[in-house]
Amino acid sequence: MALAFDEFGRPFIILKEQEQKTRLRGIDAQKANIAAGRAVARILRSSLGPKGMDKMLQGPDGDVTITNDGATILEQMDVDNQIAKLMVELSRSQDYEIGDGTTGVVVMAGALLEQAEHLLERGIHPIRIAEGYEMASRVAVENLEHIAQKFDYDANNFEPLVQTCMTTLSSKIVNRCKRSLAEIAVKAVLAVADLERRDVNLDMIKVDGKVGGKLEDTELIYGIVVDKDMSHPQMPKKIEDANIAILTCPFEPPKPKTKHKVDIDTVEKFETLRKQEQKYFDDMVQKCKDVGATLVICQWGFDDEANHLLMHRNLPAVRWVGGVELELIAIATGGRIVPRFQELTPEKLGKAGLVREKSFGTTKDRMLYIEHCANSRAVTIFIRGGNKMMIEETKRSIHDALCVARNLIRSNSIVYGGGAAEIACSLAVDAAADKYPGVEQYAIRAFAEALDSVPMALAENSGLQPIETLSAVKSQQIKENIPFYGIDCNDVGTNDMREQNVFETLIGKQQQILLATQVVKMILKIDDVISPSEY
């Protein structure tokens with residue numbers, strides 16, 4: 001590369017072998033884009049299903065993540081290709097909207113791209129392929145509604161919710177504890193759900209973890225867990241029927257906002273200043289005692305003198321509590337966050353049946369449990385595990401289970417998993433292709449073949465013969481006209497997903513098909529790749 005100047009003194013760059021550099025256009029650009037999308041899908045394909053493999057991702061600073069969650073894998077991959085970035089965003093969209101199915105949606109998109117490549121080689125125009133895919137996706141979504149089943153649940157009978165969450169957790173590292181974790185997730189969602197409005201605010205569920213203990217020690221706390229301890233070691237570790245003052249004002253004298261200087265030249269002046277400061281602390285503590293507070297939770301810190309005074313006045317206190325945690329404590333206890341001591345009144349105190357400090361193992365790690373709150377619509381899932389990686393992966397798995405339970409409360413329709421829904425949709429789309437006389441019917445049949453890629457990947461990852469297994473299940477569905485037969489990944493001995501209790505949410509499956517189709521249509525319509533230097 002060399003820099004030169006024209007006759008007007010304007011600089012321009014001369015590139016070596018410039019005549020050999022070609023810009024991708026037309027069919028070549030489309031094939032390159034399809035190859036990039038398929039490369040991303042190929043990475044995730046082996047992570048699909050209960051027997052899917054995990055990926056180890058090493059960050060730039062040496063942090064290691066082990067996961068089989070599609071959204072997490074793609075989020076942490078360093079992707080440069082713009083088409084591959086579309087696949088990353090596809091997985092992220094599924095995660096934001098549904099919370100589950102992030103691997104399946106990318107595998108589905110990869111299969112659609114693969115089929116589109118075969119059609120392009122046969123000379124079919126990409127616009128006609130995109131239109132055929134759109135028609136096929138509508139048929140598949142309608143068929144899902146046709147085969148879906150509704151179930152009834154309430155706060156006491158939530159077994160169908162647990163079974164669906166167990167299906168989600170069965171493909172995670174934590175699958176040995178899937179029953180207990182699914183129950184915890186469902187109970188947490190039901191605790192914060194408004195069943196009349198069919199609405200769930202997941203912000204009310206705090207997921208926290210501490211290294212140590214077994215995964216089986218994970219528990220659901222109807223209250224809040226704060227990673228803090230009492231500000232003084234001699235303060236009581238257990239408070240029953242606590243009245244909690246939630247403060248965002250510091251336990252210290254106010255500081256002038258302008259520059260100031262205090263000249264102290266005699267002992268008397270120093271003594272006066274000390275007494276004034278002590279009186280200020282004394283008034284603050286007395287104000288808390290007067291309104292009936294038995295515990296103070298403060299967003300800011302306070303110095304040793306205030307801490308000593310609080311301990312002597314028998315007023316336990318917790319300092320440096322984060323803003324988000326303060327809000328959750330206020331919601332759970334029914335208290336109000338107080339910004340100034342002058343505004344503190346008995347009505348603004350939060351109520352909790354029990355506040356206790358709990359220590360873990362032989363370490364000095366302590367956490368504060370605020371339980372039996374006045375308003376139990378804020379809960380904490382407290383995870384234990386052998387190492388940090390295990391806790392992080394459990395948090396991701398619990399998040400997926402919480403999202404599935406939330407989706408079921410919003411819409412209580414389910415389809416059967418194990419590839420059963422995809423095979424049923426594939427048969428429906430294939431049958432619908434005959435109704436379309438144009439070139440689109442080739443794309444519709446290709447869509448049906450792409451739907452088969454999900455059960456085929458499940459069979460492959462489970463160590464089964466993929467084509468043989470898929471053919472057997474497909475023929476069984478056609479023969480008995482029952483859309484509940486899927487891949488027996490766990491080698492139970494039956495292909496009936498009703499007996500295996502393998503459920504998936506209807507809206508999650510519909511979203512997978514619609515999102516994958518949208519992204520593939522976008523990729524097919526790109527016929528020129530222009531780099532910034534070519535503008």
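# Strand and helix environments in a predicted model

Glu357 counts as buried, at 14% relative accessibility. This residue belongs to strand E15 (residues 350–359) of what is a predicted model. The notes below cover Glu357, the exposed residue Asp241, strand E18 (residues 413–416) and helix H14 (residues 453–461).

**Glu357 in strand E15**

- Glu357 falls under the 20% limit for a buried residue, because its relative accessibility is 14%.
- A polar contact of 3.5 Å links the side chain of Glu357 to the side chain of Arg366.
- Arg366 is also among the residues in contact with Glu357 once neighbours within four places in sequence are left aside. Met367 and Leu368 are in contact with Glu357 as well, as are Asp229, Met230 and Lys237.

**Asp241 in strand E11**

- Asp241 is part of strand E11, which spans residues 238–247.
- With a relative accessible area of 60%, Asp241 is exposed; the cut-off for that class is over 50%.
- Apart from neighbours within four places in sequence, Asp241 has contacts with Thr294, Ala352 and Gly353.
- Val355 lies 114 residues from Asp241 along the chain, and the C-alpha atoms of the two are separated by 8.1 Å.

**Strand E18 and its partners**

- Ser413 and Val415 point one way from E18, while Ile414 and Tyr416 point the other way. All four of these residues are buried.
- Strand E5 (residues 149–150) runs antiparallel to E18 and is joined to it by two bridges. In this pairing, Ser413 of E18 stands opposite Lys150.
- Strand E19 (residues 503–505) also pairs with E18 in the antiparallel sense, over three bridges. Here Val415 stands opposite Glu504 of E19.

**Helix H14**

- Helix H14 is largely enclosed by the rest of the structure, because seven of its nine residues are buried.
- Those buried residues are Ser453, Val454, Pro455, Ala457, Leu458, Ala459 and Asn461.
- Their cover includes helix H1 (26–45) and helix H4 (102–121). Helices H12 (420–432), H13 (440–451) and H15 (466–480) are also among the elements that cover the buried residues of H14.
- Gly463 follows H14 and has a positive phi, near 80°.

Note on methods
Residues numbered from 1 in each chain as written. Predicted model: local features only at pLDDT ≥ 70, side-chain atom pairs only at ≥ 80, totals over all residues. Heavy atoms only, no water. Helix = DSSP H or I, 4+ residues; strand = E, 2+ residues; numbered from the N terminus. Buried < 20%, exposed > 50% of the residue type's maximum accessible area, 1.4 Å probe, protein only. Contact = heavy atoms within 4.5 Å. Pairing = 2+ DSSP bridges. Polar contact = N/O pair within 3.5 Å; in protein donor to acceptor, adjacent residues only side chain to side chain.
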